[in-house]
Amino acid sequence: MAIEHASQRPIEKAFPQTNHPVLPPIPASLINHRVITVEEAEQLIAHSLESLPSETVSIEDARGRVLRETLRADRNAPPFNRSTFDGIALSYAAIEQGHSEFPITGTAFAGSPKLSLDAPNACVEIMTGAPLPDQADCVVKVEDLDIANGTARILEGTPLSRGHGVHPESSDCQSGQSLLKPGCRLTAKELSIAASIGKSELLVSSLPRISIVTTGDELVPVDAQPLSHQIRRSNDLALNTALASAGYTQTRRFHIVDDLKETETVVASILEQSDIIILAGGISKGKRDFLPEALESAGVSKSFQWVAQRPGKPLWFGDYTINDRKSFVFALPGNPVSCFTCLHRYVLPALDQISGLPTQATQYAKLKSDFQFKPPITLFLPVLIEHDTDGQTWAEPLPFNTSGDYISVARTQGFIELPQSESNFASGTAYKFRPWQS
Ligand code: AMP
Ligand code: MG
């Protein structure tokens, strides 16, 4: 569903927490007229991108957002010596002196103020999570006790030591200690830390405003009955779903027919309201592939087109600046497999980068069977993944008909990247693996 955007926002230039490639830019003269490599495309994109601005949101709305501040402990954790069992709290010195029976002088509950031990050989009953009396340094579990007539007797053979059953004050962290750094995605565990230190509002990266634009006269909506020469539109839904599951939910969707004027009008109107524009189809060399022309006439500055990869060779990337604000345009080939693969290989990492996330660690999987691919281009090969009992990840290539064969690809878990420099890929060799977003 279309989501309306906030008005224009400035794009922040500096964002020091990311660790994206910082290789020197490739001169435009080198790339404008040739097919570039996957690595060059990746580098050109990474250099061009700029960080999104930040905003403050309620902790209730912060799920999935990227933190842009350091979160520090507001007090020690735990804030007091806390009992880890239900039992009795006592001074271990009394046990060292040979005592095994202790008069109970009070009951310490979680949430009640700290009690004190009335005498060196006394004890208090204590519940899990309650603060220990200052004089106590040992908790004996209720299972190891015989309690009768206000006295607790420790059962013979109970192994005890000083500190037994005690979660000491500040043993998890000290007040002021940094707990979370900028650049982390706020999931359940990070939000539990924020809640525990009383951060009801958090500084996070703005959500990128994303426009998804499909093109093509042959495409009809999902609920339409296609004529024999038409097909239902699926790329926009696939893109939108993968983006949402990666945390990028601020999307609008458009469809344009194969008409130069309409393409120019829609492109121009979308540019000013989007941080990222993802176009699908209409980008290759067909007679009605109007996007390259429309993008350039709308003032989008092309960074590159044509990448030595399969699928996805026609990939087009550029940027557009208005009022010192930059938006980025990824025009992906319309074939569903090309479109989906390019989203994962280029667009999702770009979104992570502008949101301030560090580069994700590369995953690898071993080829399960020998594979040959002669053309001197990078192959993104959809694979079935298996994890064996030795902890190894195996990738079984799944043959697919063409880059239009989205049905075979739906059975795979992701793709491996077979480098341009090789043509014989031996079983057992590890290659980069990227999982599909669910
Ligand atoms: P194009 O890149 O426009 O030449 O399209 C290549 C192929 O992808 C054509 O067969 C299109 O019908 C198909 N295609 C393009 N866009 C979509 C879409 N949104 N959903 C499904 N198929 C598409
Ligand atoms: Mg088309």
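In this predicted model, ligand 1 takes up the space of the second largest pocket. Who are its neighbours? Going along the chain, the ligand is surrounded by Thr 214, Glu 218, Leu 219, Ile 231, Arg 233, Ser 234, Asn 235, Gly 281, Gly 282, Gly 334, Asn 335 and Pro 336. Sorted by class, that shell comes out as seven polar, three nonpolar and two charged residues.

Several polar contacts can be picked out around the ligand. From the side chain of Glu 218, a polar atom sits 2.5 Å from one of the oxygen atoms of ligand 1. The backbone joins in too: a polar backbone atom of Gly 334 is 2.9 Å from an oxygen atom of the ligand, and a polar backbone atom of Asn 235 lies 3.1 Å from a ligand nitrogen. As for coverage, ligand 1 would expose 480 Å² if taken alone, and the protein buries 77% of that area.

Turning to the aromatic residues, a search through the whole structure turns up six aromatic pairs. One of them brings together Phe 340 and Trp 436, with ring centres 5.0 Å apart. Is this pair stacked, edge-to-face or tilted? The planes meet at 35°, and stacking calls for under 30 degrees while edge-to-face calls for over 60, so the pair counts as tilted. Distant parts of the chain are linked here, the two residues being 96 residues apart. Phe 340 belongs to helix α8, which covers residues 336-355, whereas Trp 436 is in the segment after β28 (430-435).

The backbone has a few quirks of its own. Most peptide bonds are trans, and most residues other than glycine have a negative phi. Against that background, the bond joining Ala 77 and Pro 78 is cis, with omega at about -10°. Pro 78 is placed in the loop that runs between β2 (71-72) and β3 (82-83). A cis bond also leads from Arg 310 to Pro 311, where omega is near -5°; this proline is in the loop between β19 (309-310) and β20 (316-322). Asn 149, for its part, goes against the usual sign of phi: the angle is positive, near 50°, although the residue is not a glycine. Asn 149 is found in the loop between β8 (145-148) and β9 (151-154).

Conventions: Residues are numbered from 1 along each chain as its sequence is written. Chains are lettered from A and ligands numbered from 1 in the order in which they are written. This is a predicted model: local features need pLDDT of at least 70, side-chain atom pairs count only at pLDDT 80 or more; totals for chains, interfaces and linings use all residues. Side-chain values use heavy atoms; hydrogens and water are left out. A residue is near a molecule or strand if one of its heavy atoms lies within 4 Å of it. A polar contact is a pair of N or O atoms within 3.5 Å; within protein, one must be able to donate a hydrogen and the other to accept it, and residues adjacent in sequence count only if both atoms are side-chain atoms. Accessible areas come from the Shrake-Rupley method with a 1.4 Å probe; for residues, only the protein chains shown count as cover. On a 1 Å grid over the protein atoms alone, a cavity is a set of points where a 1.4 Å probe fits but cannot get out, and a pocket is an open set with protein on both sides within 12 Å along at least five of seven lines; lining residues have an atom within 4 Å of a point. A molecule sits in a cavity or pocket if more than half of its atoms lie within 2 Å of its grid points. Ala, Val, Leu, Ile, Met, Phe, Trp, Tyr, Cys and Pro count as nonpolar, Asp, Glu, Lys and Arg as charged, and the others, Gly among them, as polar. Rings of Phe, Tyr and Trp (its six-membered ring) pair if their centres lie within 6.5 Å; planes under 30 degrees apart count as stacked, over 60 as edge-to-face and the rest as tilted. Helices (H or I, at least four residues) and strands (E, at least two) are DSSP runs, numbered from the N terminus.
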